[in-house]
Amino acid sequence: MTESLIISHNIEKRFTGKGGVVEVLHDVDFTIPRGSFTIIFGPSGSGKTTLLNVLSGLEPPTKGHITIDGQDLYQLNSDERSHFRAQTMGIVHQQNYWIKSLSVVDNVAMPLYLAGKDKRSASLMALESLDRVGMKEFANRLPTILSGGQQQRVSMARALASGKELILADEPTGNLDSKNGTMIIDLLMSIRNDLNRTIILVTHNIEYLPLSDKQLYIHDGYVTEGSRGERMPPEILDSLKAQIASLTGMQEGKR
Amino acid sequence: MRVPAVFKRHKKRLRSVIRPRILTYIALKNLFSKRLRSALTIIGIVIGIGAIVFLVSLALGLRSVVDQQVIGSKSVKAIDVTTPNSAIIPLDNARINKIKGFAHVTQVAPAYILPGKVSENGSLTDVVVYATNSTYVGLSALKFVGGNSRITNNSAIVSTSLLSLIGQSSPKSAIGKQLDLTATLSSASGTLTKPFEEKLIVSGVANIGSGIAVYISSAPLQAMGDDNYGQIKVVADNRSNVPTIRSQIAGLGLTTASPLDTLSEINNIFTIFTFVVIGFGGIGLIIASLGMFNTLTISLLERTSEIGLLITMGARKADVRRLMIIESLLLATIGGLGGLFVAWLLGTIIDTILTHYAGDHGIQNTIHAFLITPLLLLITVVFVFLIGWVVALYPSRRAARINPIDALRHE
């Protein structure tokens, strides 16, 4: 039996705002095996990013527990969670965020700096990581002058740099064309296959589903687990059909 | 669904892991990326610190110049003792012996002060005669322009003003000349005893300003049996013991004076002057500090998403706080050092100009109107660090409280 890296137990998340209480996640239970490629799939506004934020320790749940590698994440205070994040996980965002005054190599080395590495060894590891994503030649440039696809590859190198067990990618292909999108997904696959890292990819792109070992379908804050070869839950399928119908209607309306 | 059996608590205490050198590197990179803003902020600090150091060094320099002019080489451990009424409280050997018995007194040098006349080449000039010993002369800090300070039974030290009156313009040519001195010695009771007449050889010439005086040995007068001294100089072992000895002497009914009195008055005046200049310089510094605060706050607002990113990558609150504080300290340190350098440079230029100007008017001494003392340097460095730290307090706390999810949405 494959060992679980992440266990989500009874997670609930509510936001209270001026408009009242919004329940975003309901009683979310799942496990993610070590070394797996998991996709969190669902339509826009279904709670995918909130779930990823809860998993990364950035958004405490209203109720429930997240255990990563045996550590109950929210038993730690925010500084301890930061430290845990620095040791355990790399995050790739949909949008590219940078320390704009620093070069590509310094940006990639930043998680290593934060984990206490000295500049020389962190830079060497960052260069190795950049080499893996084919961006070593851009090491001394500023990241903001790179193209979207290049930036996303550097972002991937940053998540990989310190040899972290878990890579969380929040719609990393969302702002890319199909060619760059495919390249990023191929990179994620190779990271999983070659380095045996655990990948969690948030996406609403149905094309990527067959690549994953496990799926977490999310709809209106409810999560259903699926695995390779299993059929998609009907509510997700209905939601997709509705989206396709809506898009088709929009296209016809334009004509 | 498996429920985790044990929710482990992360017990290990977290140390600050990011290296200060790397935080400094990041802070420097950020400051450098906003060159104009950083430069303007630093210029503000340079002006603020520079103004304060310049003005305070001027106050210290002037105080030092005045101290040297007023005190000269007089010993601050010496006390001048006189009597308010020699008939009632004579300054005699009995009292001198009492003073010698006081704790912390190392030397007592008495002097007769007599009215006298000097005749040379038929001209007669009124003088003040100090009949004393070499110790007293040494403590009087006379500025010798010819000869030496040694007094023997048949030699005398004369003032430059006396030389001028008797037609001797060159101190060196006056050495070895003979003077006829007559003085009137009075007893303690004020009854005239007998005139004192001596033929003396000039052994030294001292500049005592406009004073017309002759210093001779007291031995002949003491041999005449009189101990009605005009003044004594008492030397303490330490400057800090001077007040105690003075109060003990005052207890004998005698009057005391010390160079410390003058120093104290000078200090009071210059303390007020220093505070006034600090006040003026402080206004500049407050404006510069506000500029620094403004720069840090704007920098924080601009970098909200960067700070959010740092937290998602594993930065702790303390790391974020330190990054802001280091940025502020860098601004303050560079500005502070620049301010010190500018103040030193300006002071040196002005001192050089003053020295040249004084040289043109016959004053050969180098003028140090600006004085940057080690204490001033130390206070400035500490002050600069304090400013850097205080200015960063609010922005750094605010930065540490940033919610990373909101911050990343801020982009």
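The radius of gyration is taken over C-alpha atoms, and the globule rule is 2.2 Å times the number of residues to the power 0.38. The model treated in these exercises is predicted.

**Exercise 1. The overall form of chain B**

Set the radius of gyration of chain B against the value for a compact globule of 411 residues.

Solution.
- Step 1. Start with the rule. A compact globule of 411 residues would have a radius of gyration near 22 Å.
- Step 2. Take the value for the chain. Chain B has 35 Å.
- Step 3. Look at the box. Along the principal axes, the C-alpha atoms of chain B fill roughly 125 × 55 × 30 Å.
- Step 4. Turn to the domains. Chain B is divided into domain 1 (20-70 + 265-409) and domain 2 (78-257). Their centres, taken over C-alpha atoms, are separated by 54 Å.

**Exercise 2. Burial and contacts in chain B**

Find what share of the residues in chain B is buried, and what share of its contacts with a separation of 6 or more joins residues 24 or more positions apart.

Solution.
- Step 1. Apply the cut-off: a residue is buried if 20 or more other C-beta atoms lie within 10 Å of its own.
- Step 2. Read off the share. Buried residues make up 37% of the 411 residues in chain B.
- Step 3. Now the contacts. Of those with a separation of 6 or more, 82% fall between residues 24 or more positions apart.

**Exercise 3. Strands of chain B**

State how many helices and strands chain B has, then trace the partners of strand β1(B).

Solution.
- Step 1. Count the elements. Chain B has 13 helices and ten strands.
- Step 2. Take one partner. Strand β1 (residues 78-82) of chain B runs antiparallel to strand β9 (residues 231-236) of chain B, joined by four bridges. Here B:Ala78 stands opposite B:Val235.
- Step 3. Take another partner. Three bridges join β1(B) to strand β10 (residues 255-257) of chain B, again antiparallel. B:Asp80 stands opposite B:Ala257 there.

**Exercise 4. The sheet of chain A**

Give the strand order of the open sheet of four strands in chain A, and name its edge strands.

Solution.
- Step 1. Write the order. The strands run β2-β1-β4-β5, with antiparallel pairing.
- Step 2. Pick the edges. β2 (20-33) and β5 (71-72) of chain A each pair on one side only.
- Step 3. Check one pair. Strand β1 (residues 4-17) of chain A meets β2(A) over ten bridges, in the antiparallel sense. In that pair, A:Gly17 has A:Gly20 as its bridge partner.

**Exercise 5. Positive phi outside glycine**

Place A:Asn10 and B:His104, and decide whether each is buried, partly exposed or exposed.

Solution.
- Step 1. Note the angles. A:Asn10 has a positive phi of about 55°, and B:His104 has one of about 75°. Neither A:Asn10 nor B:His104 is a glycine.
- Step 2. Find the places. A:Asn10 is in strand β1 of chain A. B:His104 is in the loop between α3 (93-101) and β2 (105-120) of chain B.
- Step 3. Count neighbours. A:Asn10 has 14 other C-beta atoms within 10 Å, so A:Asn10 is partly exposed. B:His104 has 15, so B:His104 is partly exposed too.

**Exercise 6. The contact between the chains**

Describe the side of chain B that touches chain A, by elements and by residue class.

Solution.
- Step 1. Count residues. The contact takes 32 residues from chain B and 37 residues from chain A.
- Step 2. Name the elements. In chain B, α1 (20-33), α10 (304-312), α11 (317-360) and α13 (404-409) each supply at least two residues.
- Step 3. Sort the classes. On this side of chain B, 16 residues are nonpolar, six polar and ten charged.

Notes. Residues are numbered from 1 along each chain as its sequence is written. Chains are lettered from A and ligands numbered from 1 in the order in which they are written. This is a predicted model: local features need pLDDT of at least 70, side-chain atom pairs count only at pLDDT 80 or more; totals for chains, interfaces and linings use all residues. Two residues are in contact if their C-beta atoms, placed from the backbone, lie within 7 Å. Ala, Val, Leu, Ile, Met, Phe, Trp, Tyr, Cys and Pro count as nonpolar, Asp, Glu, Lys and Arg as charged, and the others, Gly among them, as polar. Two strands pair if DSSP finds at least two bridges between them. A residue is buried if 20 or more other C-beta atoms lie within 10 Å of its own, exposed if 12 or fewer, and partly exposed in between; C-beta atoms are placed from the backbone. Domain bounds come from an automatic or database domain assignment.
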